[in-house]
Amino acid sequence: KELHRGFLTVQIGYIEDKEVCVKVLHCRRIASCGHSGLANPYVTLQPHPAASFEVHDLFPRTKVHKNTLTPLFDESFYFTVAPEVVQKCAIVFSVLSRNRVFDDTLDGEGIFLLSNVRSIASRSDVEEVDQTTLPLKWPSEPRGKTFDLLCRRGVIDEEAAEFVKARRFLAKRMRRSKIK
């Protein structure tokens, strides 16, 4: 049984034929990272597959909140995505803790499948969407038949190659976080 590394609460809506609206609300019970027993958390957002999205900010992320395990973010992000592919996409939320000396530490990640997204009329309507609480988990080591197939497919498919590269990078970052 995999242990949760905390929880992230978000609100997500889709403005028909236009964009995904994401509101990152807060985290609770995230793992402490520092000697003080607290963390300096922030959240990054990674739309997948990235080629399906027009991202307004190259590396969308929240502000860092210092010395807390229960940060209140209340920040909104917007991604343009075509209606014919939105149901096949996902957003990966990674909660990290800022570290001034070493690499930032991964606390956990949660995934929201956009096949579950609710339609809204405007950006402000995202406030009316039910809150979704995502359990934060360690990303699994990329392996298995499906991952091997994606590796082979990456030779001719840019999206598959991008996905494989991102998962390997995340696994490497995860291994370094566990060592510290």
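**Entry 1. Backbone outliers**

I began at Asp 74, which I found in strand E5. I noted for Asp 74 a positive phi of about 50°, although the residue is not a glycine. The model I am reading is a predicted one. I then looked up the exposure of Asp 74: at 47% relative accessibility the residue counts as partly exposed, because the exposed class begins over 50%.

I turned next to Asn 67, which also has a positive phi, of about 55°, without being a glycine. I located Asn 67 in the loop between E4 and E5. With a relative accessible area of 51%, Asn 67 is exposed.

I also checked the peptide bonds. His 48 and Pro 49 are joined by a cis peptide bond, with omega at about -10°. I placed Pro 49 in the loop between E3 and E4.

**Entry 2. Overall composition**

I recorded two helices and nine strands for the protein. Reading along the sequence, I wrote the pattern down as β-β-β-β-β-β-β-β-β-α-α. The protein has 180 residues, of which 42% count as buried.

**Entry 3. The sheet E3-E6-E7**

I traced an open sheet of three strands, in the order E3-E6-E7, and found the pairing antiparallel. Which strands stand at the edges? They are E3 (41-48) and E7 (105-113); each has a single partner strand, so one side of each is left without a neighbour in the sheet. I noted a twist that averages 20° from one strand to the next.

I then went through the pairings one by one. E3 and E6 are antiparallel and share eight bridges. As one register point I took Tyr 42, whose bridge partner in E6 is Leu 96. Strand E6, residues 90-97, is joined to E7 by eight bridges, again with the strands running antiparallel. For the register on this side I wrote down two partners: Val 92 is bridged to Ile 111 in E7, and Ser 94 has Glu 109 as its bridge partner in E7.

**Entry 4. Burial of strand E6**

I asked how many of the residues of E6 are buried. The count is eight of its eight residues, and the strand is accordingly listed as mostly covered. I then sorted the side chains by direction. In a regular strand the side chains alternate between the two faces of the sheet. I found Ala 90, Val 92, Ser 94 and Leu 96 pointing one way from E6, and Ile 91, Phe 93, Val 95 and Ser 97 pointing the other way. The residues of both sets are all buried. I note that Val 92 and Ser 94, the residues I used for the register with E7, belong to one set, as does Leu 96, the partner of Tyr 42.

**Entry 5. Aromatic rings**

I searched for aromatic pairs and obtained a count of one. The rings are those of Phe 53 and Phe 79, with centres 6.0 Å apart and planes at 85°, so I entered the pair as edge-to-face. Phe 53 lies in strand E4 (residues 53-55) and Phe 79 in strand E5 (residues 72-81), so the pair ties together parts that are 26 residues apart in sequence. I looked up burial for both residues. Phe 53 counts as buried at 9% relative accessibility, and Phe 79 counts as buried at 1%.

**Entry 6. Arginines over rings, and Glu 19**

I examined Arg 123 and found its charged end over the ring of Tyr 78, 3.6 Å from the ring centre. The side chain of Arg 123 also makes a polar contact of 2.6 Å with the side chain of Glu 19. I placed Glu 19 in strand E2, residues 19-28. Is Glu 19 buried or exposed? At 3% relative accessibility, Glu 19 counts as buried.

I recorded a further arginine: the charged end of Arg 28 sits over the ring of Phe 7, at 4.8 Å from its centre.

**Entry 7. Cysteines**

I asked how many disulfides the structure holds, and the number is zero. I then looked up the burial of two cysteines. Cys 27 is buried, with a relative accessible area of 2%. Cys 89 counts as buried too, at 3% relative accessibility.

Notes
Residues numbered from 1 in each chain as written. Predicted model: local features only at pLDDT ≥ 70, side-chain atom pairs only at ≥ 80, totals over all residues. Heavy atoms only, no water. Disulfide = S-S within 2.5 Å. Buried < 20%, exposed > 50% of the residue type's maximum accessible area, 1.4 Å probe, protein only. Pairing = 2+ DSSP bridges. Helix = DSSP H or I, 4+ residues; strand = E, 2+ residues; numbered from the N terminus. Axes fitted to C-alpha atoms, helices over the stretch in contact; angles between N-to-C directions. Polar contact = N/O pair within 3.5 Å; in protein donor to acceptor, adjacent residues only side chain to side chain. Phe/Tyr/Trp six-rings, centres within 6.5 Å; stacked < 30°, edge-to-face > 60°. Lys NZ or Arg CZ within 6 Å of the ring centre and 35° of its normal.
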